[in-house]
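Hi everyone, thanks for making time. I'd like to walk you through one structure today, so let me put it up on the screen.

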Amino acid sequence: MEIRRRVLAAVDALEEPYRTTVVLRFFEGHLPAKIASLQGIPVKTVKTRLSRALAQLRSDLDRSHENRRSAWAVQVAAI
């Protein structure tokens, strides 16, 4: 449960438009084309936002786990 709270907090801490894009993709399950349609932007922009947001989330979670990705990555994969 703790890792889930940390992931949710990290997502919540993302700046817009990254937060909304991540929520639409990973919490609501929309594909990039659907997100692009909903947001009125190109699919490439959605993919760029997701890439940047995931890099930020990895960095934040690494930092909160003493730069040991293995400490959190396996737990996230199980969610």
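Let's start with a question: is Leu-8 buried, partly exposed or exposed? Keep in mind that this is a predicted model. Leu-8 sits in helix α1, and its relative accessible area is 41%. The cut-offs are under 20% for buried and over 50% for exposed, so Leu-8 counts as partly exposed.

Leu-8 has company out there, too. Together with Phe-26 and Phe-27, Leu-8 makes a nonpolar patch on the surface, and the accessible area of the three adds up to about 310 Å².

Okay, now to the inside. As a general point, nonpolar side chains in soluble globular proteins tend to be buried together. Here, the largest nonpolar core has 15 residues. The members that touch the most others are Val-7, Val-11, Leu-14, Val-22, Val-46 and Leu-57. Four helices each give two or more residues to this core: α1 (2-13), α2 (18-27), α3 (32-39) and α4 (43-64). The largest share, five residues, is from α4.

Take Val-11 as one example. Leaving out residues up to four places away in sequence, Val-11 touches Arg-19, Val-22, Val-23, Phe-27 and Leu-57. You'll remember Phe-27 from the surface patch.

Last stop, Arg-49, over in helix α4. What is the nearest side chain of opposite charge to Arg-49? That's Glu-16, at 7.2 Å. Arg-49 is buried, yet has no salt bridge. With the same kind of sequence neighbors left out, Arg-49 touches Pro-17, Tyr-18, Thr-21, Gln-39 and Ile-41.

That's my tour, thanks for listening!

Technical notes:
Residues numbered from 1 in each chain as written. Predicted model: local features only at pLDDT ≥ 70, side-chain atom pairs only at ≥ 80, totals over all residues. Heavy atoms only, no water. Core = buried A, V, L, I, M, F, W, Y, C linked by side-chain atoms within 4.5 Å. Buried < 20%, exposed > 50% of the residue type's maximum accessible area, 1.4 Å probe, protein only. Contact = heavy atoms within 4.5 Å. Lys, Arg positive; Asp, Glu negative; His and termini not counted. Salt bridge = Lys/Arg side-chain N within 4 Å of Asp/Glu carboxyl O. Patch = residues over 30% accessible without salt bridge, like charges linked within 9 Å, V, L, I, M, F, W, Y side chains within 5 Å. Areas by Shrake-Rupley, 256 points an atom, 1.4 Å probe, with all protein chains shown as cover.
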